[in-house]
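Please look through the sequence and the structure shown here before reading on. The paragraphs that follow move from a pair of strands to the packing around them.

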Amino acid sequence: MGTTSGALFKVEISLIWTAVGHIQWVAPMLMDIATAVAGCASLDLHISIFVTCLCDPETVPPIPNSVVMTERPTARQLLSDMITPPADDALDGLRWVGLGGGLGVCASGPRGLTREMTNAVAKLSLSRSAAEVGGVELHTETFVL
């Protein structure tokens, strides 16, 4: 069995931001990252911004490779969408991670958010879809403002 030297691995990064009231804090950094990744053949960046506050979705600055949605998804639905193959070629929002590479999940926020994500990962980790994508790993950070 031989190995291929110099092979590129495609890495897909999906950032899900739900604190839209605070998007101005990180918007310049997200724009810089999206611009830098645009010319990289081995990285594919998708940014999903969910408007979860009583604020105007139009205030979200234009960030490359981003989509703005006006609902608050559950952690379980987000993860399920990422590990379930799409029914067709139409991808709306989050991308399917594919087979074998695994899914790394990082959740940072208040205790309720990290608990919801922990429970969602625990439930999905037992599914056939999670095994087919190479497993699901979780890292959480709890904080309050």
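Which residue in β5 does Val105 stand opposite? In this predicted model, the partner of Val105 is Leu138, and the two strands concerned, β4 and β5 (residues 136–142), run in the parallel sense and are paired over seven bridges.

Along β4 itself two faces can be told apart: Leu103, Val105, Ala107 and Gly109 make up the covered face, while Gly104, Cys106 and Ser108 belong to the uncovered one. This pattern can be read against a general rule, namely that side chains in a regular strand alternate between the two faces of the sheet.

Two residues of that covered face, Leu103 and Val105, reappear in the largest nonpolar core, which has 14 residues and in which Leu79, Ile83, Leu103, Val105, Met117, Val121 and Val136 have the most contacts. Two or more residues of this core come from each of α2 (75–83), β4 (103–109) and α3 (111–125). Apart from it there is a second core, made of eleven residues, with Val26, Ala27, Leu30 and Ile47 among them.

Turning to α2, the residues Ala75, Leu78, Leu79, Met82 and Ile83 are buried in this helix, and because they cover an arc of only 120 degrees around the axis, they lie on the same side of α2.

The relation between the two helices completes the picture. The axes of α2 and α3 come within 8 Å of each other and cross at roughly 40 degrees, an angle that makes α2 oblique to α3, and the crossing of α2 and α3 is right-handed.

Note on methods
Residues are numbered from 1 along each chain as its sequence is written. This is a predicted model: local features need pLDDT of at least 70, side-chain atom pairs count only at pLDDT 80 or more; totals for chains, interfaces and linings use all residues. Side-chain values use heavy atoms; hydrogens and water are left out. A nonpolar core is a set of buried Ala, Val, Leu, Ile, Met, Phe, Trp, Tyr and Cys residues joined through side-chain atoms within 4.5 Å. Buried means under 20% relative accessible area, exposed over 50%, partly exposed in between (1.4 Å probe, protein chains only). Helices (H or I, at least four residues) and strands (E, at least two) are DSSP runs, numbered from the N terminus. The arc is that of the directions from the helix axis to the C-beta atoms. Two strands pair if DSSP finds at least two bridges between them. Axes are lines fitted to C-alpha atoms, for helices over the stretch in contact, and angles run from 0 to 180 degrees between N-to-C directions. Angles under 35 degrees count as roughly parallel, over 145 as roughly antiparallel, 65 to 115 as roughly perpendicular and the rest as oblique. A crossing is left-handed if the near helix is turned anticlockwise from the far one by less than a right angle, and right-handed if clockwise.
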